[in-house]
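Visitor: I'd like to learn how to read a fold from its model. Could you walk me through it?

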Amino acid sequence: MYVFQHAGQLSIEEFYTPFGGKLDPNNRWLLLRNLIPWMPLESQYAPQFSAKTGAPAKPFQMAFGALYIQQRLGVTDRETVQLITESPYLQFFIGLSAYQAMPPFDPSMMVHFRKRIGPDLIKICNDMTKANGIAMIKEMLVSAEEDDSEQEEEQQLAAIDEALGVKPATLDPESNWGTLILDATCVPDDIPYPVDLRLLNEAREATEKIIDELFKQLQGKINRKPRCNRDKARNRFLAIIKKKKPKCAEIREVKRFQLNEIRRNLRAIDQMIHCGAMLLELGTQLYRKLLITSELYRQQQEMYDADSRRIDDRIVNLSKPHVRPIVRGKAGRRTEFGAKISISDDNGFVDVDRISWDNYNEANDLIARTKQYKEERGYYPARICADSIYMTS
C-alpha cells in the first residue's frame, strides 16, 4: 500500500533533526573514535617531523582517520574528502572540534598520509587499539554489574575473560589454551596486467622522452638529436597488441625489435652524458624512470636470450617497480600482483604479522607466531588452524 502524504518538497528549515543538533553517541564512527587511543599514537607519529622547520603537519587522528574512512567505504581520495565535508560524524571521527562546511584538507594530502603512515605504524596502531578495546570491554561489563553478589561477579569476570581469549584461572597453569588461526594471502595492487611487450613499449617511450630532455641541454653542442625509430616501433607494437591470438614467433620478433630500440636509446643517453648533459636536471621522476628502465631492459634481455619467462625480482610495472608477482594457484587466477601478507586470528583478535612485496613460504611463520603467542599469554595455544602448507617447514 502507498499513501501520499506531502504535495511539495520540504525546505531545509522544515527538515527535522531528531538529536537537536547533537551527535548520536551510538553512531559507529563515534564508538570507533572512542576505541582508538589517539594520544599515544600521536607520540608515535610525531617523531618523523621536524619540531622547528616546515609547515605544521596534519595530526595523526586526521591522517589515519581519513585513510580508515577511505578503506572502510572503498572510495577515491576526492570522494573521501567530500564525504568528510558532508558528514559531522566523520568530521568528529578525524578530530575536528566543530562542524565546518569547508573541506578540512585537500584531496592531494591523502598521498602524503599514505606515505607517512606505513606498515610499522599500522602494526603499532592495531596493537594499541586491541589492548585498549580489551580494557574498555572489561571496565564496561564490570561496572554494569556492580550491585551483584561477589560470586556472580566472579562468574561474570570468568565469562568476560573467556570471551576475550583469556585462560580461565581454574585450569592447570601449565596446560595449553586458546585457538590460533593462521593464513596468508595476496593484496592485489592496482596495476595493469604486466604484458612484456607493453612494458618494453613504455620503457622505450620513457627513454625517448629522456633523450628529448637531454638534447635541450645540449643545444649548440651537438649537431642533431640521436635517431629514434619512434613511429616504426609504436606501429609494430600496436600491430601485435591488437591481434587476438598472435603467434609466439611474432611476439618474439616484436620483442627483439623493442629491446634493440631500448638498447640504442640507452647508448645514446650515455653519449649525451659524455657530451655534457646533466642527469640531475631531468627531475626526480625521469631520473627514476631511467634507473628502472635500465634494470627492466637487463631482465627482459636476459629472459629473451634464455627464452624464459622467469627471473628473480622481476619488474612488472614501471611506476611501481617494487610490485612482484605472487603465485597463489587459485582457480582462474594463478598469479596475483601485490603484497603478500600473513594474518593471524588470536581468539577473535586479528593481526597482520608480516607484509612483504616478495614471495615467501608462509610455513616459516608458524613457529615464530606460536612463540609470540606464548610470550604474550604465558602458554601455548591448544589448537592451531592453518593450511597444509604450514606443515612443510
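Visitor: Where along the sequence do the contact partners in this chain sit?

Guide: Contact means heavy atoms within 4.5 Å. Here, of the contacts with a separation of 6 or more, 66% are between residues 24 or more positions apart. This is a predicted model, where local features need pLDDT of at least 70 and side-chain atom pairs count only at pLDDT 80 or more, while totals for chains, interfaces and linings use all residues. Residues are numbered from 1 along each chain as its sequence is written, and side-chain values use heavy atoms, with hydrogens and water left out.

Visitor: Which element has the lowest mean pLDDT, and which the highest?

Guide: pLDDT is the predictor's confidence in each residue, from 0 to 100. The protein chain averages 85, and 87% of its residues score at least 70. Helix H8 (residues 150–163) has the lowest mean, 59, and helix H4 (residues 77–86) the highest, 95.

Visitor: How many helices and strands are there?

Guide: Both are DSSP runs numbered from the N terminus: helices are H or I, at least four residues, and strands are E, at least two. This chain has 13 helices and five strands.

Visitor: Which residues have the most contacts inside the largest nonpolar core?

Guide: Such a core is a set of buried Ala, Val, Leu, Ile, Met, Phe, Trp, Tyr and Cys residues joined through side-chain atoms within 4.5 Å. Buried means under 20% relative accessible area, exposed over 50%, partly exposed in between (1.4 Å probe, protein chains only). The largest core here has 28 residues, and Phe-60, Phe-93, Phe-105, Phe-113 and Ile-117 have the most contacts inside it. Helix H3 (60–73) is among the elements that give it two or more residues; in fact H3 gives the most, seven. Another core of 26 residues lies apart from it, including Ile-211 and Leu-318.

Visitor: How do H2 and H3 cross?

Guide: Axes are lines fitted to C-alpha atoms, for helices over the stretch in contact, and angles run from 0 to 180 degrees between N-to-C directions. The axes of H2 and H3 come within 9 Å and cross at roughly 100 degrees. That makes H2 roughly perpendicular to H3, a label for 65 to 115 degrees; under 35 counts as roughly parallel, over 145 as roughly antiparallel and the rest as oblique. Trp-38 and Tyr-45 are among the H2 residues at this meeting, with Phe-60 and Phe-64 among those from H3.

Visitor: Is Arg-369 buried or exposed?

Guide: Arg-369 is buried, with a relative accessible area of 3%. This residue lies in helix H13 (residues 364–377). Beyond its neighbours within four places in sequence, Arg-369 contacts residues including Asp-346, Asp-351, Asp-353 and Glu-376.
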